[in-house]
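Hi,

Here is the structure I promised to send over. Have a look at it first, and my notes on what turned up follow below.

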Amino acid sequence: MDSSHPSPPKHVPLLSLLKEHFGFTSFRPLQEEIIRDALDGRDVVALLPTGGGKSLCFQLPALARPGLTVVVSPLIALMKDQVDALQANGIAATFLNSSLDSNESRARLRGLHRGDYRLLYIAPERLMLSGCLSDLQGWQVNLLAIDEAHCISEWGHDFRPEYRRLVELRERFPSLPIMALTATATERVRDDICTILRLRNPGRYLASFNRPNLTYRVLAKANPFEQVLAVLRTQSQESGIVYCQSRKTAESVAERLQAQGIKAQPYHAGLTGKERTHHQELFLRDEVQVICATIAFGMGIDKPNVRFIIHYDLPKNLESYYQETGRAGRDGLPSECLLLFSAGDTVKQYRFINEKPDIQEQQIARTQLQQMVQYAECPTCRRAKLLQYFGENFDSEKCQACDNCLSPRDVFDGTEDACTILSCVGQIRGKSGFGVGLNHVIEVLTGANTEKVRRWGHERLNAYGSGKNIHTRPEWAAISRELIRLGYLQQTTEPFTILELTAQGRGFLRERPPIILTKPMSAPERKKSPAGNLAHDEALFNHLRQLRKTLADERDVPAYVVFSDVALRQMAREYPTNEREFLQISGVGKQKLQEFGTVFLSAIADHMETHPSQNFPKEPSPPPPPLLSSRKKQLGNTVQETLRCFRLGDSVVQIANQRGLVNSTIYGHLEQAIQAGEPVDINRLLPPDQHAQIAAAFAQTGFGNLTGAKELLGDLYDYGQLRIFRALHGKKPHE
């Protein structure tokens, strides 16, 4: 296992493999770099958000050389879906987990001993059995890919103790390259992954958390079921998930949707395993339109055409919210994420937090909930707010794909309201000598006659009842939370949630400067996302979708395993008439052409006999999701540091060694600097006499085919130099 497998060819034709087996003509951001590292036998840790193409990073290397790639995954349902999809593309893959009976397990083990498979998906508990570890030595394993790698860290959002045992693989097979992948992990968790797995000088890849095809909206929660129906009326026949806090709510919403004629099913831990599996299968196969679920649903699905996510109740933290919304639009098409927000949901969440036995857990949970509420009530770009949580800056004032950018809320002069709230907080502290929570402050403001108000004598304060006839309690609470966001108040979490004046708040009370506040949320007018859908023949699309479902049912696989919605929309736009044109459809490779080409081409031809073809305006290809270090008007700190070192005379190799990065990352920083207009001495990276040869290669392949140019030039230049040349000439990958 350590050294017996053959070394890969120096220049593996990755693009031809990509097209032949997966039907794509170009890589997503970072995929090619990760794959090249894997083929070079290097350890890798990669954070690619949901929909960013993590799976391809280990699937393609498995096809590029002999041997077996072992994929560790905790998600049993996802194993089957991925193996089904690989087999549909003509790739020999299998899985081993507890869902198989003993006869089937033995049959697959015999196949592994014969070398019949290129990929094996396996649960960590099964992999670490002594018999399985012994078998690995005879299976010519060339790569260990650990999916959901955040599970190995206690600081991860889904820590699993069984993942800790994976470190034994490094001890038993020291030269086996390891690829660790995750969709969400803080810097601390990423460091944990490298340390616990003992990764050696790993290539580190961090993609952007930005999902440009998702539109984020928050509505004030009012008759939430009708608000859900309003979304469904605009998403006819499209798939979606409604996340609910409780099992009871999930059941209730599903039943009410069914009464409205909508195919919906619940999904929660109170159902039997058989019921959950059945409802999930119905959803994957487009026989159910909506799943009403608790957070138990979603981690094990790989359904690319989920068009909307609705949060019926408030998530407990932003990381959960990001993960759950990330299950929409994995195929890159426009999708919607709606959060229904109510201050009452916040109170419920605090009640659950107070029931936690561990004080430190309570404090962390309160802080996370406050961040979630701040996101829900923020008046600024929601995309920027969400990315900021993950340490990423969004380089535009408006994303034009969230409610605050599309329908900005009104503002008002809040000077007097701010004085009223801040004075009340100050008077309570002065009277009692201790702080109180937000709810008690609102009770004093509105003149509530509660036991605590009487016990502490707060009915005798000047502030008592001072806001009674000005705003409602929810409005005062919303204004108070905005003052927290603006820094006039702060909420502590040790040991209880207390509202206190900040130095900024005390200064405001002394000087009374004008302050502009945002009006509390109201339901904004729904506007279509500017991203829109690719124009296509809707009648043909629906016909092809029905054909896809029939073929999928015959094969007992989810519909998207046959073709994605993206592929069907492209067919319904371009009307392919022969195999050559059909191969140009995204997702059509050699196997898909052989298996489905004739029947789909025939269906398209039949449709065109009875329906005139439509002409659609030519639309540019959508840009790929930006990387975390993508070009910005103002370069980030890490790019600026690379630029500083380079200008001091350090080479790319020296900078990479000093900063603990790989050469390709340094070239990427310099590429961004060039694109942003920064002066860079190009001759140190690429002497002028080399330009003509590189230009000739790109003239043959196009600037979008970096791999093709590299294969033409062989070892003369590395990828970083080719990217510098492309940036120098102001070209973009799609040109």
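In secondary structure, the protein comes to 33 helices and 17 strands. Keep in mind as you scroll around that this is a predicted model.

On overall shape, a compact globule of 735 residues would have a radius of gyration near 27 Å, and the protein agrees with that at 28 Å. If you box in the C-alpha atoms along the principal axes, you get roughly 85 × 70 × 60 Å. Of the 735 residues, 54% count as buried. As for how the chain meets itself, take the contacts between residues at least 6 apart in sequence: 73% of those join residues at least 24 apart.

Now the outside and the charges. The accessible surface comes to about 32,400 Å², and carbon and sulfur atoms account for 49% of that. I also had the charged side chains counted: 88 are positive and 83 are negative, with the centres of the two sets 3 Å apart.

You'll probably want to know about the cysteines. How many disulfides are there? The count comes to zero. Take Cys57: its sulfur is too far from any other for a bond, because the closest cysteine sulfur, in Cys194, is 16 Å away, and a disulfide needs the two sulfurs within 2.5 Å. Cys292 is in no disulfide either, with the sulfur of Cys244 as its nearest cysteine sulfur at 5.7 Å. Are these two cysteines buried or exposed? Cys57 is buried at 0% relative accessibility, and Cys292 is buried too, with a relative accessible area of 0%.

Two other spots to click on:

- Thr94 sits in strand β3, which covers residues 93-96. Thr94 counts as buried, at 3% relative accessibility. Setting aside neighbours within four places in sequence, its contacts are Val83, Arg108, Leu112, Tyr117, Leu119, Leu120 and Tyr121.
- Gly677 is in the loop between α30 (663-675) and α31 (691-701). Unlike Thr94, which is buried, Gly677 counts as exposed, with 59% relative accessibility. From Gly677 to Ala605 is 72 residues in sequence, and their C-alpha atoms are 50 Å apart in space.

That's what I have for now.

Cheers

Key. Residues are numbered from 1 along each chain as its sequence is written. This is a predicted model: local features need pLDDT of at least 70, side-chain atom pairs count only at pLDDT 80 or more; totals for chains, interfaces and linings use all residues. Side-chain values use heavy atoms; hydrogens and water are left out. Buried means under 20% relative accessible area, exposed over 50%, partly exposed in between (1.4 Å probe, protein chains only). Helices (H or I, at least four residues) and strands (E, at least two) are DSSP runs, numbered from the N terminus. The radius of gyration is taken over C-alpha atoms; the globule rule is 2.2 Å times the number of residues to the power 0.38. Contact means heavy atoms within 4.5 Å. Accessible areas come from the Shrake-Rupley method with a 1.4 Å probe; for residues, only the protein chains shown count as cover. Lys and Arg count as positive and Asp and Glu as negative; His and the chain ends are not counted. The place of a charge is taken as NZ of Lys, CZ of Arg, CG of Asp or CD of Glu.
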